[in-house]
Amino acid sequence: MQDLMIYLILGLCIGVMSGFFGIGGGFILTPTLILMGFSPVIAIATSLLYTVATSLSGVVAHLRLGNIKWETSVVLGISGIVTTQLAYPFVLFLERYQLEDTVIPIMYLALILYFSISILMTKSQTQVTAKHSKNTYLKIVFIGAFAGFISTALGVGGGFIIVPLLMSVLAFQPKYAVGTSLLGVLMIVIAGFASYASSIQLDYWVIGCLIIGALVGGQLGARVTNVYEDTQVRYFLAGLYIATGISLGLKLLHHEMIGLLILFTYCIYMLVHFVLHSMKRLRLKEKEAG
């Protein structure tokens, strides 16, 4: 029971950040489970099912906030679904030759390094491009296809790829990048999990606890998005990528517990900041109303 409570709290915390950043949650959960001793393939399948719940919760919240660009989301989702079917055989290949414990963390590290730099280099945007040219559609298809492959290969929602690329390549404001990403991610992870479901034995009690926490946390995280400036969202996301990268680097050096501590410390810092910042905004609104 104590172990299940730990997973419930873990699901809640990751759910908050999923709703805030639009990353589906698997980006944080997969390396966390690996650091906790799960095999990479089980961690991937568990994270994909978890991400279905976090993405659905986030989509509902951002739909109410009007942050979803439907046309872009659907194109992202369809192109991503196609490439999920290529990623599953790739993971089985790694597992067959016992390469997954090295290759998957290295893939994470490479992507984290690129997207951390991408987010920090992106300039603030004041609006989302309303019309799509033919070239823009090709970019959306590429982003969705790349996210779909990485989603199923690494057990992530794809949002940690889609969000920074929508901001840097298509000039989306963070809140629209987050909302639009979540709908595309939902389509991708459903297809990705279906690839694993028939051949992987999962602990559904653990997954259930993670999902219950995620359903609550996703709603809270999405609401917190609107009380932060765009620049703050980008810096928080870049910091999360860097903390995760350091954690995985330490795993490769066989210092899993230190890596897990670093990742959890940053996540706790963000959660405390969310609470304090939200309370401050509420007090200011009460003063203005009074």
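The side chain of Thr83 reaches the backbone nitrogen of Phe149 at 3.2 Å, a polar contact in the sense of N or O atoms paired within 3.5 Å, where within protein one must be able to donate a hydrogen and the other to accept it, and residues adjacent in sequence count only if both atoms are side-chain atoms. The model is a predicted one, in which local features need pLDDT of at least 70 and side-chain atom pairs count only at pLDDT 80 or more, while totals for chains, interfaces and linings use all residues. Residues are numbered from 1 along each chain as its sequence is written, and side-chain values use heavy atoms, with hydrogens and water left out.

Thr83 lies in helix H4 (residues 70-96); helices here are DSSP runs of H or I with at least four residues, numbered from the N terminus. With a relative accessible area of 12%, Thr83 is buried (buried means under 20%, exposed over 50% and partly exposed in between, with a 1.4 Å probe and protein chains only). Neighbours within four places in sequence aside, Thr83 is in contact with Gly144, Ala145, Gly148 and Phe149, contact meaning heavy atoms within 4.5 Å. H4 also packs against helix H5 (residues 100-121): the two axes come within 8 Å and cross at roughly 135°. This makes H4 oblique to H5. On the H4 side the contact involves Phe90, Leu94 and Glu95, and on the H5 side Glu100, Val103, Ile104 and Met107. Axes are lines fitted to C-alpha atoms, for helices over the stretch in contact, and angles run from 0 to 180 degrees between N-to-C directions. Angles under 35 degrees count as roughly parallel, over 145 as roughly antiparallel, 65 to 115 as roughly perpendicular and the rest as oblique.

A second helix pair is formed by H2 (residues 26-35) and H10 (residues 230-252), whose axes lie 11 Å apart at an angle of about 25°. H2 is therefore roughly parallel to H10. From H2, Phe27, Ile28, Pro31, Ile34 and Leu35 meet Leu240, Tyr241, Thr244, Ser247, Leu248 and Lys251 of H10. H2 is mostly covered, with 10 of its 10 residues buried. Just after H2, Gly37 takes a positive phi of about 110°.

On the H10 side, Thr244 counts as buried at 1% relative accessibility. The side chain of Thr244 reaches the backbone oxygen of Leu240 at 2.8 Å. Apart from neighbours within four places in sequence, Thr244 is in contact with Phe27, Pro31, Ile112 and Leu263. Thr244 and Glu256 are 12 residues apart in sequence and 12 Å apart in space, C-alpha to C-alpha.

Leu240 reappears in the largest nonpolar core, which has 81 residues; Phe21, Tyr196, Leu240 and Phe274 have the most contacts inside it. Such a core is a set of buried Ala, Val, Leu, Ile, Met, Phe, Trp, Tyr and Cys residues joined through side-chain atoms within 4.5 Å. Helix H3 (residues 40-65) supplies the largest share of this core, 9 residues. A second, separate core of 5 residues includes Val59, Ile68, Val178 and Leu183.

Beyond neighbours within four places in sequence, Phe274 is in contact with Val16, Met17, Phe20, Val224, Tyr228 and Phe236. His273, found in helix H11 (residues 256-289), is partly exposed, with a relative accessible area of 24%. With neighbours within four places in sequence again left aside, His273 is in contact with Tyr228 and Phe236.

Methods
Helices (H or I, at least four residues) and strands (E, at least two) are DSSP runs, numbered from the N terminus.
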